[in-house]
Amino acid sequence: MALVSEFLEQLSFAHTGEKEPKFPTVVPARDFDPARDAAKLDTAIKTKGVDEQTIIDILTRRSYHQRKEIAFEYERYSKKDLPTALKGALSGSLEALMLGLMKSTAEYDATELKNSMKGLGTDEESLIEIMCSRDCDELADIKKVYRELFKKDLEKDVAGDTSGDFAKLLLALVQTKRDEPTNVVDYEKIDQDARALHDAGVKRKGTDVVTWISIMSERSVPHLQKVFDRYKSYSPYDMKESIRKEVKGDLEKSFLTLVECFENKQLYFANRLSEAMKGKGAKEKVLTRIAVSRCEVDLMKIRTEFKKQQHKSLYQTIAEHTKGDYQNALLSLCGGDD
């Protein structure tokens, strides 16, 4: 039965491109023994001065489901909650990275979104990265988990923390109304959407942002890729150039992020990583978020795109811009040099 369902899943992917294949750098460990790992972690945490390397070696080389099993065994073994123990033993960026690994991807994204809207001022950069790069299924999971964790609706928090057209775009994405990809190419609709994007922007004075939002938040990704291609036959500018000319600020960043992710999501993350390691001192928050949220999804492919763009491996770049135990943890999640 399992073989049949696996075959049907592959068949549906072949037809619709619905489920993206994964390119993880972190995969389930072989000969996995959660009780042994839990005992090692307990010793590492209790050691005078804390044995960070053992903690890194275990948590960065196990899948999320294996980490969950380790946490269960750890609590049974030491009568303590593993995340709480890690919080007490570690600090700074290493602590943030290890605690991130103890959450599922949806829990991690939901927590990051909550943190970006906490207190005075909104961290728009984090909000844009997560909301504009996650697909419909991921956003649906995030919404569900957000409600479970914080007893609040993500929509309400986004609406309360953002305003104007920026808020409208984020709320349209949270509604997860995007069409499912199909193997039918609707050339007429592609042409209509390309023309509508052009007429709503470059062709008129001022921008009809509502039209841009509805097309970019409701059409399937393969359809939009063809729309952007067709758009060039109506406009002297490509879609990204048009966005830069028509809108500014957080709305511009959001539309650009969407288009970059529609065109090549892994290249978008490779560029984010590169920007986070430009100049002095790395933006560790960005490095942590991408490493944690993509290591079991597509970090291997992000690595390839990074090397192609920067002519230097992600591994070497991390080694140059970070240090200490945090560096060791990131390099381990990176999964090797290219």
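Helices here are DSSP runs of H or I with at least four residues, numbered from the N terminus. You're looking at a predicted model, where local features need pLDDT of at least 70, side-chain atom pairs count only at pLDDT 80 or more, and totals for chains, interfaces and linings use all residues. Residues are numbered from 1 along each chain as its sequence is written, and side-chain values use heavy atoms, leaving out hydrogens and water.

**Stop one: a pocket.** Select helix H16 (249-276). H16 gives 10 residues, the largest share, to the lining of the second largest pocket. A pocket is an open set of points on a 1 Å grid over the protein atoms alone, with protein on both sides within 12 Å along at least five of seven lines, and lining residues have an atom within 4 Å of a point. Now pick Glu125, Lys253, Thr257, Arg272 and Glu275, which lie nearest the centre among the 16 lining residues. By class, that lining has 5 nonpolar, 2 polar and 9 charged residues; Asp, Glu, Lys and Arg count as charged, Ala, Val, Leu, Ile, Met, Phe, Trp, Tyr, Cys and Pro as nonpolar, and the others, Gly among them, as polar.

**Stop two: a cavity.** What lines the largest cavity, a set of points where a 1.4 Å probe fits but cannot get out? Select Leu273, Leu287, Ile290, Ala291, Leu299, Leu314, Ile318, Leu330, Leu333 and Cys334 to see its lining. These are 10 nonpolar residues, with no polar and no charged ones.

**Last stop: helix H13.** Go to residues 209-218 and colour Val209, Trp212, Ile213, Ile215, Met216 and Ser217, the buried ones (under 20% relative accessible area, 1.4 Å probe, protein chains only).

Notes: Buried < 20%, exposed > 50% of the residue type's maximum accessible area, 1.4 Å probe, protein only. Helix = DSSP H or I, 4+ residues; strand = E, 2+ residues; numbered from the N terminus. Contact = heavy atoms within 4.5 Å.
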